[in-house]
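Please open the model in your viewer and keep the sequence panel beside it. The tour below goes from one selection to the next and says what is found at each stop.

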Amino acid sequence: MIIPMHQLLKEAKKGGYGVAAPNVFNRETIEACFLAAKELRAPIILDVAGVHGIYECAEIARFYERRYPEVPVAVNLDHGGPFEDIANAIRAGFSSVMIDRSQSSFEDNVKETAEIVKFAHACGISVEAELGHVGQAFEYDKTRDSGLTRPEEAADFLAQTNVDCLAVAVGTSHGVYQGECKIDFPLLDTLAAQIEQPLVLHGGSGSGDDNLRKTIEHGIQKVNLNTDLVMAGLDAMEASYANNLEIKVPKGVDTDEFTTKRMNMQQLFAVGADAYKAKLMHYMKLFKSEGRW
C-alpha cells in the first residue's frame, strides 16, 4: 500500500530503526524493491528523481502496489528542484515530495519550502526538506565541512516551514567517496535531541556499514541509497556477460525454438536487478527494518 512517507518514518522513529530509500528508475528496480520489502517484511521508500520519469515511475509503482498490497511503501520525489517537477509528482500520485533548496540562502530555503508544504499538505502528501548541504563525494575534502547543518538554524527552519522530515548534513556525500567518510556523530546527537521530526541521511552509499548502523542508533530514520545498489547491479551484469555468454539449460528441462541459448539484454537486466535487490536487503537488515509489519 502506498502511504504518506511521514507515517512510515514516525513508526521508524518510535521503533528505533531506519527505512531504506533506494533510488528507482525503471520496472526492474521498482519490482526489486517491492520483492525485497515483501521478503523481509520491511517498509520501503521509493526515491524517484525527476529525470527518471515522474509519471512513468508512478504508474509502475501503482502496478506493483496492486500486486503486493501488503507492502507498506512511500513514493517520494528525490531532490525536487523545479516547481513543475514537484507539482507533477503530486499529480502523479506520489505520497511524498522533497524540495531541495539546500544551496539557497536560509531565507529562500524557508520561503520556498513553506510554500510547497502548504500545497502538499492540502493534498495529504508528506514533505521532506534539506537544511545544510550534502555535496558530491568527488570533492568531499572541499564540501564536507562547509555544508554541515547548523543546529542553531534547525528549530527556526522547522517552525517556519512545518516540514514532515528533515534531511541533515552530518558528513556524508553523494557518489563514490574520495577518501574516508567521516560522520559528525556529536552533531547528529545534537540535531536528534532538538528535532521532533524524523531525520533523513542523504549519501548513504559508501559510508560504511558501521557508520550507517550508528546513524540509525543516533537518530536517523531514512537513509537514501543509490550508488551502492546500482554498482552492485552493474558489477553482476558485467560478470554475467563476461562469464556466461552461453546459457546452460539445466538437465531435464525441456527446450523449444524460443529457448534462449545466449545471454541477452533481458537476462542481463534480471541479473542486475537481483544484485540490486540483494544489496538493498543487506541494508534493510542493517537498518533493523526487517519484520516491521
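Helices and strands are named here as DSSP runs, with helices of at least four residues, strands of at least two, and numbering that starts from the N terminus. With those names in hand, please bear in mind that everything on this tour belongs to a predicted model.

**First stop: the binding-site histidines**

Begin by selecting His 79, His 174 and His 202, which an unreviewed UniProt entry places under the feature "binding site". Although these residues span 124 residues in sequence, no two of their C-alpha atoms are more than 11.9 Å apart, so they gather at one spot. Following the chain to His 174, you arrive in the loop between E6 and H8, where this histidine is buried, with a relative accessible area of 17%.

His 202 sits in another loop, the one that runs between strand E7 (199-201) and helix H9 (209-217). Is His 202 buried or exposed? With a relative accessibility of 1%, His 202 counts as buried, because the limit for that label is under 20%. Now display the surroundings of His 202: leaving out residues up to four places away in sequence, it touches, among others, His 79, Glu 128, Glu 130, His 174 and Asn 224. If you show side chains, you can also trace a polar contact of 3.0 Å between the side chains of His 202 and His 79.

**Second stop: the sheet**

Next, switch to a cartoon view and look for the open sheet of eight strands, whose order is E1-E8-E7-E6-E5-E4-E3-E2 and whose pairing is parallel. The edges of this sheet are formed by strand E1 (19-22) and strand E2 (44-49), each of which pairs on one side only. On average, and with direction ignored, neighbouring strands of the sheet are turned by 25° against each other.

At the E1 side, colour E1 and E8, which run parallel and are joined by four bridges; within this pair, Ala 21 stands opposite Asn 224 in E8. Helix H11 (residues 265-286) packs on the sheet, where it touches E1, E2 and E8, and its direction makes about 150° with that of E1. Another helix to highlight is H7 (residues 151-161), which lies across E5 and E6 and runs at about 150° to E5.

**Third stop: two loops that follow strands**

Select Ala 169, which is found in the loop between strand E6 (165-168) and helix H8 (185-194). Ala 169 is buried, with a relative accessible area of 3%. Its contacts, apart from neighbours within four places in sequence, include Gly 132, His 133, Leu 148 and Leu 187. A distance drawn from the C-alpha atom of Ala 169 to that of Leu 201 should read 7.3 Å, although the two residues are 32 residues apart along the chain.

From there, move to Ser 102, in the loop between strand E4 (96-99) and helix H5 (106-122). This serine is likewise buried, with a relative accessible area of 11%. Which side chains make polar contacts with that of Ser 102? One is Asp 100, at 2.7 Å, and another is His 133, at 2.8 Å. Beyond residues up to four places away in sequence, Ser 102 touches Asn 109, Glu 130, Gly 132 and His 133.

**Last stop: salt bridges**

The structure holds 10 salt bridges, and a few of them are worth selecting in turn. Take Lys 222 and Glu 128, whose side chains meet in a salt bridge with an N to O distance of 2.8 Å. Lys 222 lies in strand E8 (residues 220-225) and Glu 128 in strand E5 (residues 126-131), so the pair ties together parts that are 94 residues apart in sequence. Both of these residues are buried.

For another setting, select Glu 11 and Lys 14, which meet in a salt bridge at 3.5 Å, N to O. Both lie in helix H1 (residues 5-15), three residues apart, or about one turn of the helix. Glu 11 is partly exposed, with a relative accessible area of 42%, whereas Lys 14, at 67%, counts as exposed.

Finish with Arg 27, Glu 28 and Glu 31, which are linked in a network of salt bridges. Within this group, the side chains of Glu 28 and Arg 27 meet at 3.5 Å, N to O; Glu 28 is buried at 18% relative accessible area, while Arg 27, at 39%, is partly exposed.

Definitions and conventions:
Residues are numbered from 1 along each chain as its sequence is written. This is a predicted model: local features need pLDDT of at least 70, side-chain atom pairs count only at pLDDT 80 or more; totals for chains, interfaces and linings use all residues. Side-chain values use heavy atoms; hydrogens and water are left out. Buried means under 20% relative accessible area, exposed over 50%, partly exposed in between (1.4 Å probe, protein chains only). A polar contact is a pair of N or O atoms within 3.5 Å; within protein, one must be able to donate a hydrogen and the other to accept it, and residues adjacent in sequence count only if both atoms are side-chain atoms. Contact means heavy atoms within 4.5 Å. A salt bridge is a side-chain nitrogen of Lys or Arg within 4 Å of a carboxyl oxygen of Asp or Glu. Two strands pair if DSSP finds at least two bridges between them. Axes are lines fitted to C-alpha atoms, for helices over the stretch in contact, and angles run from 0 to 180 degrees between N-to-C directions. UniProt positions are given in the numbering used here, feature names are shortened, and annotations may be inferred rather than shown by experiment.
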